[in-house]
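Visitor: I would like to walk through this structure with you and ask why things are called what they are called.
Guide: Happy to; let us put it on the screen.

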Amino acid sequence: MKAFIVTRYGKKEKLHLTEIAEPVVNETDMLVQVYAAGVNLLDVKLRNGEFKMVLPYKPPFTVGHDVSGVVTKVGSKVSKFKVGDEVYARPADHRIGSFAAFISMNEKDAAAKPVNLSMVEAASIPLVGLTAWQALVEKAGLKKGQKVFIQAGSGGVGTFAIQLAKHLGATVATTTSTANIEWVKSLGADIVIDYKNEDFETILKEYDVVLNSQDTKTLEKSLRVLKSGGKLISISGPPDPGFAKELGSSWLVQLIMRLLSYRIRKKANRLSINYSFLFMRANGHQLREITSLIEAGIIRPVVDKVFPFEATNEAMAYVEQGRAKGKVVVRMR
Ligand SMILES: NC(=O)c1ccc[n+]([C@@H]2O[C@H](COP(=O)([O-])OP(=O)(O)OC[C@H]3O[C@@H](n4cnc5c(N)ncnc54)[C@H](OP(=O)(O)O)[C@@H]3O)[C@@H](O)[C@H]2O)c1
């Protein structure tokens, strides 16, 4: 089958379109014919080699973390899906590879595709949707009446997280550049800060939760908009010891992560703020909850650009620029 693979790690490396064997389908797996694949910065960072320590994929390997498509084969123990079902998923780490004609995944990582979405729209959802869910519902326990600051409201995670936080009843502040302000408000944000001309630190006070997706400077400034007892959840690092443990990393990797996050954890402790790093995980159960919100019209997909499969490298380059308004998707069929 056709697949875009990483043959060598590197920022200047391109994915190579090649023929590889169809993936193996184990007892609890299903084979999905890929109709569309969402593109994430994680795909770019993996290709660059930035995740070698935590996700040691050995080239050659196929990238692509988001998929929508049709089930074409099921393992003997698959009970939730059958051949012909339309599904979407963020397959588990070490089972990735949606920039291909087919992908095999454990059935527990998938959910039925929302009936009101096209394949392209569905492929835009899983990774960012699960990230927002695991940050705001699972980690933050965000409640009605609380205040949350979601950075980069116009990005893939931001566009989803704003809608989810509004649904949970929170007041939502976000950042974006001048041109996107009105558009981000239309997603539900209550307070929109133009990060090119304003400093969020002087505007936001006593927040319950910050979802940080930017650099170290922004992370440290975020501490100062939180109230005592607030939660700072970062999806852009630095990783904390809890994450290293979750991964089952060696003592050396655990030590490195402890050191990497030492400074922010110390500063957070001093202000009685809880700092944690989130690296999202595959979760079909949570994806089903997301499906319900989408089918109820509470959350809508935001797709910026769609590229043909052959232009997967161009899609990666577009995402890498960091200017996407919502999601970028590659269409196979
Ligand atoms: N740990 C995890 O599980 C996890 C999961 C998903 C994503 N992430 C990480 O989270 C980050 C965001 O991911 P994403 O997919 O949402 O990215 P994205 O879609 O590529 O973000 C692009 C958006 O970011 C905005 N932006 C850029 N610089 C900004 C700044 N300084 N302040 C506010 N907005 C800014 C841009 O708006 P303008 O064009 O208006 O500047 C653009 O709309 C990435 O680092 C990604 O790797 C981590």
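Visitor: Which residues make the nonpolar surface patch of about 720 Å²?
Guide: The patch is made by Met 53, Trp 251, Leu 252, Leu 255, Ile 256, Leu 259 and Leu 260. Before we go on, please note that this is a predicted model, where local features need pLDDT of at least 70, side-chain atom pairs count only at pLDDT 80 or more, and totals for chains, interfaces and linings use all residues. Residues are numbered from 1 along each chain as its sequence is written, and side-chain values use heavy atoms, with hydrogens and water left out.

Visitor: What makes a group of residues a patch?
Guide: Patch residues have over 30% relative accessible area and no salt bridge; like charges are joined within 9 Å, and nonpolar side chains (Val, Leu, Ile, Met, Phe, Trp, Tyr) within 5 Å. The areas come from the Shrake-Rupley method with a 1.4 Å probe, and for residues only the protein chains shown count as cover.

Visitor: Why is Met 53 called partly exposed?
Guide: Buried means under 20% relative accessible area, exposed means over 50%, and partly exposed is in between (1.4 Å probe, protein chains only). Met 53 has 41%, so partly exposed is the right name. Met 53 sits in the loop between helix H1 (41-48) and strand E4 (61-62); helices (H or I, at least four residues) and strands (E, at least two) are DSSP runs, numbered from the N terminus.

Visitor: Where is Gly 49, and why is Gly 49 called buried?
Guide: Gly 49 is in the loop between H1 and E4. Its relative accessible area is 14%, so Gly 49 counts as buried.

Visitor: How many residues surround the ligand?
Guide: There are 23, and the closest are Gly 156, Ser 177, Tyr 195, Leu 278 and Ala 324. A residue is taken as near if one of its heavy atoms lies within 4 Å of the molecule. H1, helix H3 (126-139), helix H4 (156-167) and strand E10 (171-176) each supply at least two residues of this shell.

Visitor: How do the shell residues divide into nonpolar, polar and charged?
Guide: Ten are nonpolar, eleven polar and two charged. Ala, Val, Leu, Ile, Met, Phe, Trp, Tyr, Cys and Pro count as nonpolar, Asp, Glu, Lys and Arg as charged, and the others, Gly among them, as polar.

Visitor: What makes the approach of Ser 177 to the ligand a polar contact?
Guide: A polar contact is a pair of N or O atoms within 3.5 Å; within protein, one must be able to donate a hydrogen and the other to accept it, and residues adjacent in sequence count only if both atoms are side-chain atoms. A side-chain N or O atom of Ser 177 is 2.4 Å from an oxygen atom of the ligand, and for the side chain of Ser 154 the value is 2.8 Å. Ala 324 takes part through a backbone N or O atom, 2.6 Å from a ligand oxygen. Taken alone the ligand exposes 930 Å², and the protein buries 87% of that.

Visitor: How do you know that Lys 108 and Asp 109 form a salt bridge?
Guide: A salt bridge needs a side-chain nitrogen of Lys or Arg within 4 Å of a carboxyl oxygen of Asp or Glu. Lys 108 and Asp 109 meet at 4.0 Å, N to O. Lys 108 is exposed at 52%, whereas Asp 109 is buried at 4%. The whole structure holds 17 salt bridges.

Visitor: What does the salt bridge between Glu 220 and Arg 263 tie together?
Guide: The closest N and O atoms of Glu 220 and Arg 263 are 2.7 Å apart. Glu 220 lies in helix H7 (residues 216-223) and Arg 263 in helix H10 (residues 262-270), so the pair ties together parts 43 residues apart in sequence. Salt bridges that share partners join Glu 220, Arg 263 and Lys 267 into one network.

Visitor: Why is Ser 234 called buried?
Guide: Its relative accessible area is 0%, so Ser 234 counts as buried. Ser 234 lies in strand E13 (residues 226-234), and its side chain reaches the backbone nitrogen of Ser 236 at 3.2 Å.

Visitor: What makes the peptide bond from Gly 237 to Pro 238 cis?
Guide: Its omega is near 0 degrees. Pro 238 is in the loop between E13 and helix H8 (241-247).
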